[in-house]
Amino acid sequence: MSEAVGDPVIAVRGLVKRYGAARALDRLDLSVARGEVHGFLGPNGAGKSTTIRALLGLVRVQGGSATVFGLDPWRDAVAIHRRLAYVPGDVALWPNLSGGETVDMLLRMRGADPAASRRQEMLDRFALDPTKKGRAYSKGNRQKVALVAAFAAPADLLVLDEPTSGLDPLMEQVFAACVAECTAAGTTVLLSSHLLSEVERLATRLTIIREGRAVETGTLEELRHLRRTRLRAAFAGPAPDLAALPGVHDVVVEGATLGCTVEPEGLPLVLEALTRAGVSSLTSSPPTLEELFLEAYRPTVGSA
Amino acid sequence: MAGGGGSGIVLLVRHHLRRDRVLASVWLLFLVGVCYASAAATPALYTSEADRVRAAEAINASPGVVALYGPIPDVHSLGQLAMTKMTVVYAVLVAVMFLVVVRRHTRTDEETGRAELLAGTALTRQAPLAAALAEAVPLAVVLGLLAALVNIAAGLPVVGSLAFGASWTAVALVATGIALVACQVSASSRTCAAVAGTAFGVLYLLRAVGDTSVGWVGWLSPFGWSTQLHAYSHERWWVLALPVAACVALVAAARWLSSRRDLGAGLVDARPGPEHGSPRLADAMALTWRVHGGALVLWTCALAVMGLVMGAIAPGIGSLLDSPAARQAMQRLGGVGTVQETMLGAMVSVAGVVVTCFALGVVAHGATEERDGRVEQVLATATSRGATLAATVVVATAGVLWLLLVVGIALTVGYGGAGGGLTGTGLTGPGRLVAAALVQAPAVWTVTALAVLLLALRSGWAVLGWALLGLFVALDQVGELLRLPGWTSDLSPYAHTPRMPVEAFAAAPLLLLTLAAAVVLALAGRRFAVRDIG
């Protein structure tokens, strides 16, 4: 298999990975196009890390196919890894190596020269002290060590597994800026997360994974227009009971205010009911990614 | 411990016992089993009391043996003769067992962050220390009782057996105290183990000095107290007050130290490291050398000192006594040849087993690196699986060769410096002891290769390498005593090493062992290439 310009950087079809009787990946599909930031969403145990480990050739899959840069991650792991940088979800450092040593070593193992890299700039931006020993870093700082190593030298593909779970909001901004610079330079990014706000901000397309299967995939807009509207209404009198109306979910009544989510088909009836009840104020907002996410996890997912 | 912590500690101890159930049981059974084998086999080895007395006198007359095993206070005592190896040498294994148990529930838990999880609950900050103690003390008592029971079952006197069991319990209590203190010193559990291990080594040497020259020095060491208890003759029960007092003092010291430091930190602040990595630190091999470099330096120093001391002791043996009875006793402990050569042969074969521990430590660490996700990070760079496994194999096998060389040179220098000479066949001159040490390598490599194969099959299995080592040593030590058929001890790779300097150098078994190691490593490499990582 050779690589053509139009081919996806990551192409996964029907991937199956079993651990004993448990299916970690159950016919998973995933396609990441060149130059995009692809959000990979799902809670712990959904199979995100297993997918990434399969893409890195660390685990052997039992079915389906996966390619990275058109190559087989199991057979051609080293060739693929020369062109990518990986940040694991839980970064473990070598206890007696300093952060600076670890960054330089990981860069050299990728074939990059630390002296010619943006190492110092990244250390400054992430405000990381490189002289501390590995065991002395907090979770957030361990993650920064891996992020500095990943961002310091250019790569064709960044594989980031929940990379900001230990970072404070300020550092999340630095992280977002680094990702943006990478995409501007043509790097493809696979960003797994359950921090939905982060994916919403950074991703151009996303895949939602549940129990080892991709349940939704598309751009944010494509997923959003299929979904519900969140309403908040206040009333002069008591709030009406909308729970019985078709297409209405998550009803919360607090005195004279009401909150709910409504499927597009349910909206006309809801608006009528609100008018009849004497609505005094009304806000509607598009569903956040959190809500899309919850939707994907509902036991009864529609065929949309 | 205060208030609501009480029930929490009970839960903690139960949890620890669950985690330790295999390790503690296997270790306990091994120690008690060896004890029983020695107790049961010794009467049959000597036909008359006169024989026994001569053997005991021979042991007492040999500074080398006394330095290694301690003296026999009452030459008429059958129990003391039967427990020659148990009283001190196996007491060291008792100490190591309690270090392992205490460390994994105190410092290791802190290092991995498990302790932080617990500190967030209703437990007091001293709870892990208290829980480790609450597990170790009953375990020490059980160990002592079992040892006493099997000795009684083997026909040794009841009172003496109880005293002997108490000596193991005493060593276990002191070791627990030392381990608790050592685990306060550094944030690294490996450093803590090194501190405690060094303490054990120093205490062992103090006892050796006390037993061979300056008597009072031996009273500074818990291993000396075991001999001074005089189990199986006129027991001096008051000696047991010393380990109990030492244990109480050490536990108090550990509590005080732990109350003066932060969770996860050591007493000694971690020094800052270099800002930049060395250009050589660029592949898995360099990384693995770096990870084990500190340990290798410690091992080198420890083995050099042991080699020098043992080598220096050896020449004195033969001039003091070279009777048939002495020779017979010596052969029980080592092999055949002149008394000095037998002693030296026994020392290098012990060194072979000791050095195996370094290699198994490297292999087991490879499994830890994988479990913690560090191997995954290395493999996600342009590093192949083969290179990762090869790094572990090379550091383990080359480290073994280096450490055996150190042992050989130290023995030669010590022995030569004390005026010893060598007779017999094969390689002659000063190179003979170095060769005697180096020929241990193929057997060590074979055991190492088996551990690597276990790692390659499943990372969690790598620790079974220790069980394998225990089994081979047990076959070697106990097989003869229990009169098991010859092929059982032949299962042990160590059984095929030529016993230099007593026996001549023989290339064939060494080549076969090396070949066996190579084949097992090749299998391991193939398996590691196709299994899931992590």
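This is a walk through a predicted model, with stops at its salt bridges, a surface patch, its cavities and a few residues worth a look.

Let us begin with charged side chains that pair up. Over all chains, the count comes to 24 salt bridges. Chain A offers a good place to start, with A:Asp90 and A:Arg142. These two residues form a salt bridge in which the closest N and O atoms are 3.9 Å apart. A salt bridge needs a side-chain nitrogen of Lys or Arg within 4 Å of a carboxyl oxygen of Asp or Glu, so this pair counts. What makes the pair interesting is where its partners sit: A:Asp90 is in the loop between strand E5 (84–87) and helix H3 (99–110) of chain A, while A:Arg142 is in helix H5 (residues 139–152) of chain A. The two are 52 residues apart, and the bridge links distant parts of the chain. Are the partners buried or exposed? A:Asp90 counts as exposed because its relative accessible area is 53%, and exposed means over 50%. A:Arg142 has a relative accessibility of 23%, so it counts as partly exposed.

Stay in chain A and find A:Glu181. Its salt bridge partner is A:Arg125, and here the closest N and O atoms are 2.8 Å apart. Again the pair links distant parts of the chain: A:Glu181 belongs to helix H6 (residues 169–184) of chain A and A:Arg125 to helix H4 (residues 119–125) of chain A, with 56 residues from one to the other. A:Glu181 is partly exposed, at a relative accessible area of 33%, and A:Arg125 is partly exposed too, at 23%. This pair also has company: A:Arg118, A:Glu121, A:Arg125 and A:Glu181 are linked in a network of salt bridges.

Before leaving chain A, look at A:Arg23 in strand E2 (residues 22–32). A:Arg23 and A:Gly212 are 189 residues apart in sequence, yet their C-alpha atoms are 7.1 Å apart in space. At 42% relative accessibility, A:Arg23 counts as partly exposed.

Now move to chain B, where another salt bridge is waiting. B:Asp211 and B:Arg207 meet through their side chains, at 2.7 Å from N to O. Both residues lie in helix H10 (residues 189–212) of chain B, four residues apart, which is about one turn of the helix. B:Asp211 and B:Arg207 are both buried.

Next comes the surface of chain B. Which residues form a nonpolar patch there? They are B:Val137, B:Val141, B:Leu145, B:Val158, B:Val159, B:Leu162 and B:Trp237, and together they have about 580 Å² of accessible area. Helix H8 (127–153) and helix H9 (158–185) of chain B each give two or more residues to the patch. Take B:Val158 as one member: it is in helix H9, and its relative accessibility of 45% makes it partly exposed. Helix H8 has a buried side as well as a place in the patch, for B:Ala147 lies in H8 and is buried, with a relative accessible area of 0%. B:Ala147 and B:Leu28 are 119 residues apart in sequence and 9.3 Å apart in space, from C-alpha to C-alpha.

Follow chain B onward to the loop between helix H11 (222–228) and helix H12 (241–259), where you will find B:His230. B:His230 has a positive phi of about 55° although it is not a glycine. B:Tyr232 is in the loop between H11 and H12 as well, and its phi is also positive, near 75°. B:Tyr232 counts as buried because its relative accessibility is 9%, and buried means under 20%.

Finally, let us look for empty space inside. Rolling a probe the size of a water molecule over the atoms shows where empty space is left. How many cavities of 30 Å³ or more does the structure hold? It holds seven. The largest cavity has a volume of about 240 Å³. It is lined by 19 residues, and the closest to its centre are B:Gly366, B:Glu369, B:Val375, B:Thr388 and B:Thr392. Helix H13 (284–313), helix H16 (339–371), helix H17 (374–379) and helix H18 (385–417) of chain B each give two or more residues to this lining. By type, the lining of the largest cavity divides into eleven nonpolar, six polar and two charged residues.

Terms used:
Residues are numbered from 1 along each chain as its sequence is written. Chains are lettered from A and ligands numbered from 1 in the order in which they are written. This is a predicted model: local features need pLDDT of at least 70, side-chain atom pairs count only at pLDDT 80 or more; totals for chains, interfaces and linings use all residues. Side-chain values use heavy atoms; hydrogens and water are left out. Patches are made of residues with over 30% relative accessible area and no salt bridge: like charges are joined within 9 Å, nonpolar side chains (Val, Leu, Ile, Met, Phe, Trp, Tyr) within 5 Å. Accessible areas come from the Shrake-Rupley method with a 1.4 Å probe; for residues, only the protein chains shown count as cover. Buried means under 20% relative accessible area, exposed over 50%, partly exposed in between (1.4 Å probe, protein chains only). On a 1 Å grid over the protein atoms alone, a cavity is a set of points where a 1.4 Å probe fits but cannot get out, and a pocket is an open set with protein on both sides within 12 Å along at least five of seven lines; lining residues have an atom within 4 Å of a point. Grid points are joined across faces, edges and corners, and a volume is the space filled by probe spheres set on the points. Ala, Val, Leu, Ile, Met, Phe, Trp, Tyr, Cys and Pro count as nonpolar, Asp, Glu, Lys and Arg as charged, and the others, Gly among them, as polar.
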